[in-house]
Amino acid sequence: MWVATVPLLPPVPTILTTPRPNPNLFFHSLPKPTPSPYRLRLNMYKAWAVKKQLPHLRIRKPDSEKFRLELEKKGLDFGWLAAFPHVFVASMSNFLFGYHIGVMNGPIVSIARELGFEGNSILEGLVVSIFIVGAFLGSICCGSIVDRLGCRRTFQIDTIPLILGALISAQAHSLDEVLLGRFLVGVGIGVNTVLVPIYISEIAPTKYRGSLGTLCQIGTCLGIISSLCLGIPSETDPHWWRTILYIASVPGFFLALGMKFAVDSPRWLCKVGRFSNAKEVIKNVWGASEVEKAIEDIQAVIKNDGSDLESSWSELLEEPNSRVAWIGGALFALQQFAGINGVLYFSSLTFQDVGITGSALASLLIGVTNFAGALCALNLIDKQGRQKLLIGSYLGMALSMFLVVYAISFPLDGELGYNLSILGTVMYIFTFAIGAGPVTGIIIPELSSSRSRGKIMGFSFSVHWICNFLVGLFFLDLVEKFGVAPVYCTFGGVSLLAAIFSTFFIVETKGLSLEEIEMSLSSDFISRGKK
């Protein structure tokens, strides 16, 4: 997730609580799961950093699912199908996110003209940036809400600001009304960006958790593309902006209705003592043979974490929660300072240099590239793993940036220079969508404990929105002062730093259930395993 915006817009827009925390939590390296018991063995290695090999945890293939296994042998694997409708409904939130990213791309000029602030760049920027303020507040609040109400009910409540904000903006006759509508939409989007990764990580079967998680990025891409396509008439119809803002309210109604039929997280159901409901969800979504073992693992984690329904923010100051929060915040800070929003903003000018003068067409090309990268991530994430995709993605982004810098800085034939700039820009967006975009939002809830997952995600995304705002605020000034090449070179350097960070601080979670990850990383469970 995670999140890329579109050109011509300022940016708007992917824990372990134990009595005895492990101080070296994030120098762990989770190996590929192979059959073995939960008894944990640690091997110590001396290197630049201390790395602890976690146990070879067993990924079970229940005997009662012979038909599914036979299909897998034939290349037909439908184990994801039961969870897909629920994930699809949740990913509609990301469609809304993408739609609201792109919906102001062209119409902002018509809105400013009709409401009387045309030519005032500060007010035009405020209409866009008030969205980020709302998203920041929504991200902070989401953790506490989801702890108490669960994901499904939180989704339904969150449709209220999304629908009201779109309707208020659509019928606005003053700047204040537009600002109020955009703020409400921002609050709703801020809640959803935290909520969707949590929900998908907790209901998706272990084997397909990464692939289903990339639907967040795919939903965002489809939302951007849809808003850009629907916004094309705004170039000739000065009042079309009201129509596309009214349309923005429609997915909210579908989301509210769809969540009436979606399941709640079995982890949350167990936390509130609704074990019979949790067993029913696991049976229907993961398979009947998973029920007994899953409930046993979830209960063990709840017992280890504590029985309180809601965690407190002060727990993020304690180890290992503080380290998980730091990792999450650092991942999103690196994602944003690697320049995705700045590159997307400036890419429209790059396309204009090669004859693509229509802003909508340029934005559409970028959206399609982003979508293609997300589809690749869908296929790769549960095969190659999270860490490899992150490292490869950031290395690709760095190479792309340096290619653009080379095309700008060295005397080349005009057409060759433009072509290299286009190639570098497309490569950058594509490689971002393969790893840095989707994996960032997927891996943080996987590393977090059940008790503190909401708070950790809320903090991480609040960092995302702050960094997003800062990049949008200073990007053009830095380009004007230093030029494109130095700024892009900085983006490439940050991308390299992100690849190094991912190498040493990110553990591989592919093929492991959330409970297996938490049990493996918890020093308390390790001590029990040795007894």
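Biologist: What makes H4 a bent helix, and where does H4 bend?
Modeller: In this predicted model, H4 bends by about 115° at Gly 150. That angle lies between axes fitted to the seven residues ending there and the seven starting there.

Biologist: How do you know that H4 (residues 121-170) falls short of a straight helix?
Modeller: Set its span against the expected one. H4 has 50 residues, and a straight helix would reach 74 Å at 1.5 Å a residue. The end C-alpha atoms of H4 are only 21 Å apart.

Biologist: What makes the pair Asn 120 and Ile 122, at the start of H4, a polar contact?
Modeller: A side-chain oxygen of Asn 120 comes to within 3.2 Å of the backbone nitrogen of Ile 122. The cut-off for such N or O pairs is 3.5 Å.

Biologist: Why is Ile 466 called partly exposed?
Modeller: Its relative accessibility is 43%. Buried means under 20% and exposed means over 50%, so a value in between counts as partly exposed. Ile 466 sits in helix H19 (residues 453-482). Its C-alpha is 8.7 Å from that of Ala 333, though the two are 133 residues apart in sequence.

Biologist: Which residues touch the most other members of the largest nonpolar core?
Modeller: Phe 155, Tyr 199 and Tyr 488 do, in a core of 102 residues. Beyond four places in sequence, Tyr 199 touches seven residues, among them His 86, Cys 151, Phe 155 and Met 259.

Biologist: Where is confidence lowest, and where is it highest?
Modeller: Strand S2 (residues 44-45) is lowest, with a mean pLDDT of 32. Helix H5 (residues 175-203) is highest, at 95. Over residues 4-65 the pLDDT is below 50.

Key
Residues numbered from 1 in each chain as written. Predicted model: local features only at pLDDT ≥ 70, side-chain atom pairs only at ≥ 80, totals over all residues. Heavy atoms only, no water. Core = buried A, V, L, I, M, F, W, Y, C linked by side-chain atoms within 4.5 Å. Buried < 20%, exposed > 50% of the residue type's maximum accessible area, 1.4 Å probe, protein only. Contact = heavy atoms within 4.5 Å. Helix = DSSP H or I, 4+ residues; strand = E, 2+ residues; numbered from the N terminus. Expected span 1.5 Å × (residues − 1). Polar contact = N/O pair within 3.5 Å; in protein donor to acceptor, adjacent residues only side chain to side chain. pLDDT = per-residue confidence, 0-100.
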